[in-house]
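Take a walk through this fold with the model open beside you. The route goes from strands to core, then to rings and a pocket.

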Amino acid sequence: MIENAELAIESVRRYAAALERVRSDLLDAYPDLVCVLDLMVAVRHTRTLPREGMSSTGIEYSVHGAGCRMTDQQGREVDVDLVDGVEAFDAWRIKWFLDEQSDARPSIEELRTACSYLSQLGELREVQAGRWYALPAS
(Lines give C-alpha, C1' and ligand atoms only; values in the text may rest on other atoms or scores of the structure.)
Protein backbone atom coordinates (compact mmCIF):
# COMPACT_ATOMS: atom_id res chain seq x y z
CA MET A 1 0.00 0.00 0.00
CA ILE A 2 2.80 2.44 0.86
CA GLU A 3 4.45 1.64 -2.47
CA ASN A 4 1.23 2.63 -4.29
CA ALA A 5 1.05 5.89 -2.33
CA GLU A 6 4.65 6.72 -3.18
CA LEU A 7 4.02 5.92 -6.84
CA ALA A 8 0.95 8.18 -6.86
CA ILE A 9 2.85 11.04 -5.19
CA GLU A 10 5.70 10.75 -7.69
CA SER A 11 3.18 10.60 -10.55
CA VAL A 12 1.49 13.82 -9.42
CA ARG A 13 4.88 15.50 -9.07
CA ARG A 14 5.76 14.45 -12.64
CA TYR A 15 2.52 15.92 -13.95
CA ALA A 16 3.03 19.17 -12.01
CA ALA A 17 6.59 19.51 -13.33
CA ALA A 18 5.45 18.86 -16.90
CA LEU A 19 2.61 21.35 -16.54
CA GLU A 20 4.92 24.02 -15.19
CA ARG A 21 7.44 23.49 -18.00
CA VAL A 22 4.98 23.21 -20.89
CA ARG A 23 2.88 26.15 -19.67
CA SER A 24 5.99 28.29 -19.28
CA ASP A 25 7.25 27.36 -22.76
CA LEU A 26 3.86 28.22 -24.27
CA LEU A 27 3.58 31.58 -22.53
CA ASP A 28 7.19 32.47 -23.41
CA ALA A 29 6.09 32.59 -27.03
CA TYR A 30 3.44 35.23 -26.30
CA PRO A 31 4.91 38.09 -24.23
CA ASP A 32 1.51 39.77 -23.82
CA LEU A 33 0.04 36.65 -22.17
CA VAL A 34 0.60 36.00 -18.49
CA CYS A 35 -1.62 32.97 -17.99
CA VAL A 36 -3.94 30.51 -19.71
CA LEU A 37 -6.89 32.83 -19.09
CA ASP A 38 -5.12 35.46 -21.23
CA LEU A 39 -4.71 32.84 -23.97
CA MET A 40 -8.41 32.02 -23.78
CA VAL A 41 -9.31 35.72 -24.04
CA ALA A 42 -7.01 36.07 -27.08
CA VAL A 43 -8.78 33.12 -28.70
CA ARG A 44 -12.40 33.78 -27.77
CA HIS A 45 -12.79 37.52 -27.33
CA THR A 46 -10.10 39.50 -29.14
CA ARG A 47 -9.65 36.69 -31.69
CA THR A 48 -5.95 37.49 -32.01
CA LEU A 49 -5.02 33.79 -31.78
CA PRO A 50 -6.62 30.68 -33.31
CA ARG A 51 -8.37 28.12 -31.07
CA GLU A 52 -5.67 25.59 -31.94
CA GLY A 53 -2.12 26.48 -32.77
CA MET A 54 1.61 25.95 -32.46
CA SER A 55 3.74 28.44 -30.57
CA SER A 56 7.16 29.59 -31.73
CA THR A 57 8.53 27.61 -28.77
CA GLY A 58 7.12 24.37 -30.19
CA ILE A 59 4.13 23.92 -27.91
CA GLU A 60 0.82 22.96 -29.47
CA TYR A 61 -2.26 24.29 -27.74
CA SER A 62 -5.98 23.73 -28.04
CA VAL A 63 -8.44 25.93 -26.19
CA HIS A 64 -11.51 23.89 -25.23
CA GLY A 65 -14.66 24.35 -23.14
CA ALA A 66 -13.29 25.52 -19.80
CA GLY A 67 -9.57 25.29 -20.43
CA CYS A 68 -6.59 24.44 -22.57
CA ARG A 69 -4.65 21.34 -23.60
CA MET A 70 -0.94 21.87 -24.25
CA THR A 71 1.39 19.40 -25.94
CA ASP A 72 5.19 19.62 -26.01
CA GLN A 73 7.58 18.54 -28.77
CA GLN A 74 7.80 15.02 -27.34
CA GLY A 75 4.01 14.58 -27.36
CA ARG A 76 3.48 15.03 -23.61
CA GLU A 77 0.03 16.49 -23.03
CA VAL A 78 -1.05 18.51 -20.03
CA ASP A 79 -4.51 19.94 -19.63
CA VAL A 80 -6.01 22.56 -17.31
CA ASP A 81 -9.47 23.97 -16.78
CA LEU A 82 -10.25 27.37 -15.33
CA VAL A 83 -11.91 26.70 -11.99
CA ASP A 84 -12.86 29.76 -9.96
CA GLY A 85 -10.46 31.71 -12.19
CA VAL A 86 -7.54 29.38 -11.43
CA GLU A 87 -5.70 27.07 -13.85
CA ALA A 88 -6.62 23.77 -12.23
CA PHE A 89 -6.31 20.05 -12.86
CA ASP A 90 -7.88 16.96 -11.39
CA ALA A 91 -6.91 13.31 -10.95
CA TRP A 92 -8.38 12.40 -14.34
CA ARG A 93 -6.02 14.78 -16.16
CA ILE A 94 -3.08 13.31 -14.30
CA LYS A 95 -4.27 9.79 -15.15
CA TRP A 96 -4.52 10.71 -18.85
CA PHE A 97 -0.99 12.15 -18.75
CA LEU A 98 0.33 8.98 -17.06
CA ASP A 99 -1.43 6.67 -19.49
CA GLU A 100 0.49 8.36 -22.27
CA GLN A 101 3.82 8.44 -20.46
CA SER A 102 4.47 5.30 -18.47
CA ASP A 103 3.44 1.87 -17.31
CA ALA A 104 2.82 3.21 -13.80
CA ARG A 105 -0.89 3.65 -13.34
CA PRO A 106 -2.08 4.65 -9.88
CA SER A 107 -5.84 4.66 -9.42
CA ILE A 108 -7.87 7.86 -9.54
CA GLU A 109 -8.42 7.63 -5.79
CA GLU A 110 -4.67 7.20 -5.15
CA LEU A 111 -3.99 10.25 -7.32
CA ARG A 112 -6.61 12.30 -5.43
CA THR A 113 -5.07 11.29 -2.13
CA ALA A 114 -1.60 12.20 -3.43
CA CYS A 115 -2.85 15.61 -4.60
CA SER A 116 -4.37 16.28 -1.21
CA TYR A 117 -1.16 15.23 0.53
CA LEU A 118 0.98 17.44 -1.74
CA SER A 119 -1.35 20.37 -1.15
CA GLN A 120 -0.81 19.93 2.61
CA LEU A 121 2.93 20.13 1.94
CA GLY A 122 2.48 23.30 -0.12
CA GLU A 123 3.59 21.65 -3.37
CA LEU A 124 0.08 22.09 -4.80
CA ARG A 125 -2.83 24.32 -4.01
CA GLU A 126 -6.29 22.88 -3.44
CA VAL A 127 -8.79 24.90 -5.50
CA GLN A 128 -11.88 22.84 -4.67
CA ALA A 129 -11.61 20.34 -1.83
CA GLY A 130 -10.80 16.84 -3.00
CA ARG A 131 -11.31 17.60 -6.67
CA TRP A 132 -9.35 20.47 -8.25
CA TYR A 133 -5.71 21.38 -7.67
CA ALA A 134 -3.30 23.94 -9.04
CA LEU A 135 0.40 24.72 -9.09
CA PRO A 136 1.21 26.77 -5.98
CA ALA A 137 1.99 29.99 -7.88
CA SER A 138 -0.80 29.89 -10.48
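What follows is a tour of a predicted model.

Start with the strands. S1 covers residues 52-54 and S2 covers residues 60-64. The two run antiparallel and are joined by three bridges. Find Gly53, and you will see Tyr61 of S2 opposite. Five residues lie between the strands of this hairpin. Among them is Gly58, which takes a positive phi near 90°.

Move on to S3, residues 67-71. S2 and S3 are antiparallel too, with five bridges between them. Their hairpin passes through two residues. Val63 faces a partner across this pairing: Cys68 in S3 stands opposite.

Next comes S4. S3 pairs with S4 in the antiparallel sense, again over five bridges. Arg69 and Asp79 stand opposite each other here, with Asp79 in S4. The hairpin of S3 and S4 has five residues between the strands. In its turn, Gly75 has a positive phi of about 90°.

S4 then meets S5, residues 86-88. Three bridges join this antiparallel pair. Val83 stands opposite Val86 in S5. Two residues separate the strands in the hairpin. Asp84 sits in that turn, with a positive phi of about 55°.

Why is S4 described as largely enclosed by the rest of the structure? Count its buried residues. Five of the seven residues of S4 are buried, so the strand is largely enclosed. A residue counts as buried when its relative accessible area is under 20%.

Now look at the packing. The largest nonpolar core has 39 residues. Which residues have the most contacts inside this core? They are Leu39, Tyr61 and Met70. Tyr61 has already appeared, opposite Gly53. Several elements give two or more residues to the core, including H2 (36-44), S4 (77-83) and H4 (108-120). H1, S2, S3 and H3 are also on that list. The largest share comes from H1, with ten residues.

Turn to the aromatic rings. The whole structure holds three aromatic pairs. One of them is formed by Tyr15 and Phe97. Their ring centres are 5.4 Å apart and their planes stand at 85°, so the pair is edge-to-face. An angle over 60 degrees is what earns that label. This pair links distant parts of the chain. Tyr15 is in H1 and Phe97 is in H3 (residues 91-101), 82 residues apart.

Are these two rings' residues buried or exposed? Tyr15 has 0% relative accessibility, so Tyr15 counts as buried. Phe97 is buried as well, with a relative accessible area of 5%. Phe89 joins Tyr15 and Phe97 in one aromatic cluster.

Finish at the largest pocket. The space in this pocket is about 190 Å³. It is lined by 13 residues. Closest to the pocket centre are Ala16, Glu20, Leu135, Pro136 and Ala137. Which helix gives the largest share of the lining? That is H1 (residues 2-28), with six residues. By class, the lining has eight nonpolar residues, four charged and one polar.

H1 is worth a second look on the way out. This helix gives the largest share of the largest nonpolar core. H1 also gives the largest share of the lining of the largest pocket. And H1 carries Tyr15, one partner in the pair with Phe97 of H3.

Notes
Residues numbered from 1 in each chain as written. Predicted model: local features only at pLDDT ≥ 70, side-chain atom pairs only at ≥ 80, totals over all residues. Heavy atoms only, no water. 1 Å grid on protein atoms, 1.4 Å probe; cavity = no way out; pocket = protein on both sides within 12 Å on 5 of 7 lines; lining within 4 Å. Points joined across faces, edges and corners; volume = space filled by probe spheres on them. Helix = DSSP H or I, 4+ residues; strand = E, 2+ residues; numbered from the N terminus. Nonpolar A, V, L, I, M, F, W, Y, C, P; charged D, E, K, R; others polar. Phe/Tyr/Trp six-rings, centres within 6.5 Å; stacked < 30°, edge-to-face > 60°. Buried < 20%, exposed > 50% of the residue type's maximum accessible area, 1.4 Å probe, protein only. Pairing = 2+ DSSP bridges. Core = buried A, V, L, I, M, F, W, Y, C linked by side-chain atoms within 4.5 Å.
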